[in-house]
Amino acid sequence: MYILGIETSCDETALSIVITDDTVAKSDSPNFRVLSNLVISQINVHAPYGGVFPALAKREHTKNLVPLLETALKESDLYIEGIKELDQTVKNSIAEILEREPELATALIDLFSRAKIPAIDVILVTNGPGLEPALWVGVNFARALSILTHANIVPVNHMEGHVTSILVKDDYLNQNEALYPANEFIFPMISLLVSGGHTQLVLVRDWGDYEIIGETIDDAVGEAFDKVARMLGMEYPGGPKVSKAAMKGQANDEVSLPRPMIHSGDLRFSFSGLKTAVRYLIEDLKARHGEDLDNQLIADIALEFEQSVTEVLVAKTTAAIDTYGAQGLIVAGGVSANRRIAAAMQTLADERGIPLYLPEKTLCGDNSLMITVAGFMNWSANNKTTPEEEVVAVGNLRF
Ligand code: KG4
Ligand code: ZN
């Protein structure tokens, strides 16, 4: 069967098409072939604002989804030309569902006046957490497509997508078994989810059975990276740029930062104070060395910041592993692309004698393949779908 995944929770518009049988959660060798996996990043649109601007994200998703769908259908050999007017009742339903995204309705109706309706069986769509206006575009698009294709809809928790992203093999393209068998993992596992919007420790009792056991009380770790980057004169999203600068950093007596909440005795994080500490440190260094900090000093600040974040993440993740007797460690989300953090997590996993699972590098950040995997794992395990009219976006959706 053909399954379609849609992700629009933040600033990436993403769409995937996979062909699979229905045994992903159960089989030792699940058949799962990725036919198309597309992402349009809106980084350039949001960069001038120094962060993601929800109304712009919504506008971009609205613009991007139909061209992405057309490309994905072509890549999957599901684009079959055939001029045929859609029924007026179908057109009316689409216009009603996409009332707030009329240009999306027009583009969709235009696409399926040129091409035949594809044989999609299941639509997996992120319904939260994320920016609500952005999520709604994906949800309404999925609903409209479900009217056209009669496909069932499975709403997917974005964070569950990040957890299950590690099931995708590194060389997933063009192979029939793109996933590691889900039943080969030993539970419980701890999952550290680190992105621009989230910093969470999740107890994974089984696929589909999650509990948040610790999270940030203020900023997310990726957000802290982005804000520090901005203070250091680097463009949004600055996480990778801070990380690059940190590679040239050296220990420097003048550059020291706190390790927030490292001894708090619980699994909570806080990165807002660290960001403020960086601001004071920069002011202090400017007072001493002049307004233009040289590149070495910037690299030293980046290094100290990255080290502080890494130490805190490692301390809390260690406590979580020990408290829950974890048999595996998953680190996912955009910040899992950070080399220092990934290396520190590998050391921790080695010390505890448990495996570390990281996503394939293009799947660390937001993508729709992880949504397809999470949604299809759920569907394959319990066959539960949600009626089209009941699928809603929930900005603050929790596990
Ligand atoms: O998962 P993601 O793509 O989107 C969200 O759901 O937020 O994560 C994006 C975040 C941004 O804050 C970005 O700066 C950060 O991940 N990031 C990094 C690195 N690569 C991406 N942070 C630190 N080091 C990196 N190498
Ligand atoms: Zn994410």
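Along the sequence, the residues that donate to the zinc ion (ligand 2) follow the spacing H-x3-H-x203-D. H158 sits in helix α6 (residues 158–164) and D366 in the loop between β10 (356–357) and α12 (369–382), so this pair ties together parts that are 208 residues apart in sequence. Please keep in mind that this is a predicted model. Here is a friendly tour, starting at the metal and moving outward.

**The zinc site**
- Three residues coordinate the zinc ion (ligand 2): H158 and H162, each through NE2, and D366 through OD, at 2.1 to 2.2 Å.
- The site of this zinc ion has 4 donor atoms, and the angles among them run from 90 to 149°. Its geometry is irregular, because a tetrahedral site would need all angles to lie between 85 and 135 degrees.
- Are H158 and D366 buried or exposed? H158 is buried, with a relative accessible area of 5%, and D366 also counts as buried, at 18% relative accessibility. The cut-off for buried is under 20%.

**Ligand 1 and its surroundings**
- Ligand 1 is surrounded by 19 residues, and the closest are G196, D226, G334, N338 and D366.
- D366 appears here again: one of its polar side-chain atoms lies 3.1 Å from an oxygen atom of ligand 1. D366 is also a donor residue of the zinc ion (ligand 2).
- N338 has an N or O atom in its side chain that is 3.0 Å from a nitrogen atom of ligand 1.
- G222 takes part through its backbone, where an N or O atom lies 3.2 Å from an oxygen atom of ligand 1.
- How much of the accessible area of ligand 1 does the protein cover? On its own, ligand 1 has 550 Å² of accessible area, and the protein covers 87% of it.

**The chain as a whole**
- The protein chain contains 12 helices and 10 strands.
- Its radius of gyration is 22 Å, which agrees with the value near 21 Å for a compact globule of 399 residues.
- Taken along the principal axes, the C-alpha atoms fill a box of roughly 70 × 45 × 35 Å.
- Of the 399 residues, 56% count as buried.

**Two helix positions**
- A320 belongs to helix α10 (residues 295–324) and counts as buried, at 0% relative accessibility. A320 and S191 are 129 residues apart in sequence, yet their C-alpha atoms are 9.4 Å apart in space.
- N382 lies in helix α12 and counts as partly exposed, at 48% relative accessibility. The C-alpha atoms of N382 and T372 are separated by 15 Å, with the two residues 10 residues apart along the chain.

**Backbone features worth a look**
- Most residues other than glycine have a negative phi, and most peptide bonds are trans.
- G128 and P129 are joined by a cis peptide bond, with omega about -10°. P129 is in the loop between β4 (120–128) and α5 (132–149).
- Another cis peptide bond joins Y236 and P237, where omega is about -10°. P237 is in the loop between α7 (221–231) and α8 (239–246).
- D77 has a positive phi, near 55°. This residue is in the loop between α2 (54–75) and α3 (88–97), and at 67% relative accessibility D77 counts as exposed.
- N174 also has a positive phi, near 55°. N174 is placed in the loop between α6 and β6 (189–194) and is exposed, with a relative accessible area of 62%.

Definitions and conventions:
Residues are numbered from 1 along each chain as its sequence is written. Chains are lettered from A and ligands numbered from 1 in the order in which they are written. This is a predicted model: local features need pLDDT of at least 70, side-chain atom pairs count only at pLDDT 80 or more; totals for chains, interfaces and linings use all residues. Side-chain values use heavy atoms; hydrogens and water are left out. Donors are N, O and S atoms within 2.8 Å of the metal (3.2 Å for Na, K and Ca); water is not among the atoms, so sites may look incomplete. Four donors count as tetrahedral if all angles lie between 85 and 135 degrees; four count as square planar and six as octahedral if opposite donors are over 155 degrees apart and all others between 65 and 115; anything else is irregular. Helices (H or I, at least four residues) and strands (E, at least two) are DSSP runs, numbered from the N terminus. Buried means under 20% relative accessible area, exposed over 50%, partly exposed in between (1.4 Å probe, protein chains only). A residue is near a molecule or strand if one of its heavy atoms lies within 4 Å of it. A polar contact is a pair of N or O atoms within 3.5 Å; within protein, one must be able to donate a hydrogen and the other to accept it, and residues adjacent in sequence count only if both atoms are side-chain atoms. Accessible areas come from the Shrake-Rupley method with a 1.4 Å probe; for residues, only the protein chains shown count as cover. The radius of gyration is taken over C-alpha atoms; the globule rule is 2.2 Å times the number of residues to the power 0.38.
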